[in-house]
Amino acid sequence: MTRRFPRTEPPIPDDLLDRLIENGRTAEVQDGFDPFPVVKLFTPDAAATRLVTEGYPEGSDIRLFGLCDLGLGSPELGYLMLGEIEHVRGKLGLPVERDLYFKAEHRMSVYAKIARHAGMIVT
């Protein structure tokens, strides 16, 4: 049985969620929108990493868009639900965390290109 550690705070704080939602609104009206990632999420006891650029409210949940790498060597751009991320646990039962020190240096297209070449997200 996997030991579960309680989450002490949300994986994405409200100020960053607001930025993600604003990016989502911009992406809906601006062709070729290529923002800087706002948040880096990772699973401490697994190789999964996500760089998130946009958020789209859907009822009581938020659909996120970003570069996702589950540690299988094939990172890809796609969608994920914040509600699901809040319940994901790694092998040791640790929850997904936000990299507090992440500062995007590139736009998402550059991170995606590097990840496809490296087979993993490189920050």
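Which residues of α1 are buried? In this predicted model, the buried residues of the helix are Leu16, Leu17, Leu20, Ile21, Asn23, Gly24 and Thr26. An α-helix has 3.6 residues a turn, so residues three or four places apart point the same way. The cover over the buried residues of α1 includes the strands β1 (39-42), β2 (49-58), β3 (61-69) and β5 (97-98), together with the helix α2 (82-85). The length of α1 was also examined: because a rise of 1.5 Å a residue is expected, the 16 residues of this helix (residues 14-29) should span 22 Å, and the computed separation of its end C-alpha atoms, 23 Å, agrees with that expectation.

Pockets were considered next. The largest pocket encloses about 220 Å³ of space, and its lining is formed by Phe5, Pro6, Arg7, Thr8, Glu9, Pro10, Pro11, Pro95, Val96, Glu97, Arg98 and Leu100. When these lining residues are sorted by class, seven are nonpolar, one is polar and four are charged.

For the second largest pocket, the volume is about 160 Å³, and 13 residues line this space, with Arg50, Leu70, Leu80, Ile85 and Val88 lying nearest its centre. The elements that contribute two or more residues to the lining of the second largest pocket are β4 (76-81) and α2, the latter being a helix that also takes part in covering the buried residues of α1. By class, the lining of this second pocket comprises eight nonpolar, two polar and three charged residues.

Key:
Residues are numbered from 1 along each chain as its sequence is written. This is a predicted model: local features need pLDDT of at least 70, side-chain atom pairs count only at pLDDT 80 or more; totals for chains, interfaces and linings use all residues. Side-chain values use heavy atoms; hydrogens and water are left out. Helices (H or I, at least four residues) and strands (E, at least two) are DSSP runs, numbered from the N terminus. The expected span of a helix is 1.5 Å times one less than its number of residues. Buried means under 20% relative accessible area, exposed over 50%, partly exposed in between (1.4 Å probe, protein chains only). Contact means heavy atoms within 4.5 Å. On a 1 Å grid over the protein atoms alone, a cavity is a set of points where a 1.4 Å probe fits but cannot get out, and a pocket is an open set with protein on both sides within 12 Å along at least five of seven lines; lining residues have an atom within 4 Å of a point. Grid points are joined across faces, edges and corners, and a volume is the space filled by probe spheres set on the points. Ala, Val, Leu, Ile, Met, Phe, Trp, Tyr, Cys and Pro count as nonpolar, Asp, Glu, Lys and Arg as charged, and the others, Gly among them, as polar.
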